[in-house]
Amino acid sequence: MNAADVMTGPAVVVNPDTPVRTASAVLGEHGFSALPVVDDEGRLVGIVSGADLLLAGMTPAAAKGPVARVMRHPVISAPMTATPAELTATMLSERLRCLPIVANDELLVGVVSRSDLLRILTPADAVLAARVEGALRAYSGGPRWTVAVDDGEVSVRGPFADEAERRVVEALVRTVPGVRRTAVAS
């Protein structure tokens with residue numbers, strides 16, 4: 001497994017001439033921590049973070065100017081062949097929330113975020129268990145049941161007020177994406 005298997009691509013990008021306000025809107029709309037800045041050929045020339053844009057927005061002149069004025073460069077990037085361990089080490093040592101992935105000649109091909117790396121480290125059943133537990137906490141106001149997941153099959157154990165509540169919990173668990181089968185019992 002390498003960066004090409006983990007990255008999100010193609011990446012949402014801006015160019016150096018993009019107005020700061022437009023870049024801010026793109027960043028906010030997508031919920032990213034930063035945006036790669038590329039030239040007309042798609043080569044990585046900078047990166048602009050939410051912090052960079054917030055600072056730029058504090059002065060009217062900077063807010064109206066181009067991203068080129070506030071972007072950071074040179075940019076720390078990784079090749080498509082970098083392993084997850086190498087990506088993690090780079091992101092942690094450099095305190096990065098996202099890492100641009102480049103092919104030859106600094107051509108941007110994608111971005112790896114911390115959540116991309118966490119996804120490969122977290123078994124799918126653990127993610128599903130957390131989603132089910134969250135849904136049950138939202139329903140009950142706190143932890144009342146024990147959840148176990150094995151290959152998408154969810155079992156919920158614990159006390160129920162009555163059979164109607166047991167059926168409600170079973171129906172609620174079935175609404176969680178990824179649940180293949182349920183077993184709900186006292």
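Asp39 is buried, because its relative accessibility is 18% and the cut-off for buried is under 20%. This is a predicted model, and every value here is computed from it. Asp39 forms a salt bridge with Arg43. The closest N and O atoms of Asp39 and Arg43 are 3.0 Å apart. Arg43 has a relative accessible area of 35%, so Arg43 counts as partly exposed.

How many salt bridges does a search of the whole structure find? The search finds 12. Another of them joins Glu165 to Arg144, with the closest N and O atoms 2.8 Å apart. Look at where these two residues sit. Glu165 belongs to helix H8, while Arg144 is in the loop between H7 and S6. The two are 21 residues apart in sequence, so their salt bridge ties together separate parts of the chain. Glu165 is buried, at 10% relative accessibility. Arg144 is partly exposed, at 35%.

Now stay in helix H8. Arg174 forms a salt bridge with Glu170, and their closest N and O atoms are 3.0 Å apart. Both residues lie in H8, 4 residues apart, which means about one helical turn separates them. There is a general rule behind this. An α-helix has 3.6 residues a turn, so residues three or four places apart point the same way. Arg174 is exposed, with a relative accessible area of 54%. Glu170 is buried, with a relative accessible area of 14%. The pair is also part of a network: salt bridges with shared partners join Glu163, Arg166, Arg167, Glu170 and Arg174.

Next, turn to the nonpolar cores. The largest one has 15 residues. Which residues have the most contacts inside this core? They are Val132, Leu136, Val147, Val154, Val156, Val169 and Val173. Four elements each give two or more residues to the core: helix H7 (124-140), strand S6 (146-150), strand S7 (153-157) and helix H8 (163-174). H7 supplies the largest share, 4 residues.

Take Val156 as an example from this core. Set aside its neighbours within four places in sequence. Val156 is then in contact with Leu136, Val147, Val169 and Val173, among others. Trp145, Thr146, Ala183, Val184 and Ala185 are also among the contacts of Val156. A second, separate core has 14 residues. Val20, Val37, Ala62 and Met71 are included in this second core.

Two helices show how buried residues can be arranged. Start with helix H2, which spans residues 20-30. Its buried residues are Val20, Ala23, Val26 and Leu27. They cover an arc of only 125 degrees around the axis, so they sit on the same side of H2. Arg21, Gly28 and Glu29 are exposed on the other side of H2. The buried residues of H2 pack against strand S1 (34-38), S2, H3 and H4. After H2 comes Gly31, whose phi is positive, near 75 degrees.

Helix H3 covers residues 50-57, and its buried residues are Asp52, Leu53 and Ala56. Do these buried residues line one face of the helix or opposite faces? Viewed down the axis of H3, they fall within an arc of 95 degrees, so they line one face. Leu54 and Leu55 are exposed on the other side of H3. The buried residues of H3 pack against helix H2, strand S2 (44-49) and helix H4 (60-64).

Pick out Ala56, which is found in H3. It is buried, because its relative accessible area is 3% and buried means under 20%. What does Ala56 contact beyond its neighbours within four places in sequence? Its contacts are Val20, Ala62, Ala63 and Val70. Now compare its position with that of Asp162. The two residues are 106 residues apart along the chain, and their C-alpha atoms are separated by 58 Å.

Finish on the surface. Met1, Leu118, Ile120 and Leu121 form a nonpolar patch there. Together they have about 430 Å² of accessible area. Met1 lies in the segment before helix H1 (3-6). With 62% relative accessibility, Met1 counts as exposed.

Conventions
Residues numbered from 1 in each chain as written. Predicted model: local features only at pLDDT ≥ 70, side-chain atom pairs only at ≥ 80, totals over all residues. Heavy atoms only, no water. Patch = residues over 30% accessible without salt bridge, like charges linked within 9 Å, V, L, I, M, F, W, Y side chains within 5 Å. Areas by Shrake-Rupley, 256 points an atom, 1.4 Å probe, with all protein chains shown as cover. Salt bridge = Lys/Arg side-chain N within 4 Å of Asp/Glu carboxyl O. Buried < 20%, exposed > 50% of the residue type's maximum accessible area, 1.4 Å probe, protein only. Core = buried A, V, L, I, M, F, W, Y, C linked by side-chain atoms within 4.5 Å. Contact = heavy atoms within 4.5 Å. Arc of directions from axis to C-beta.
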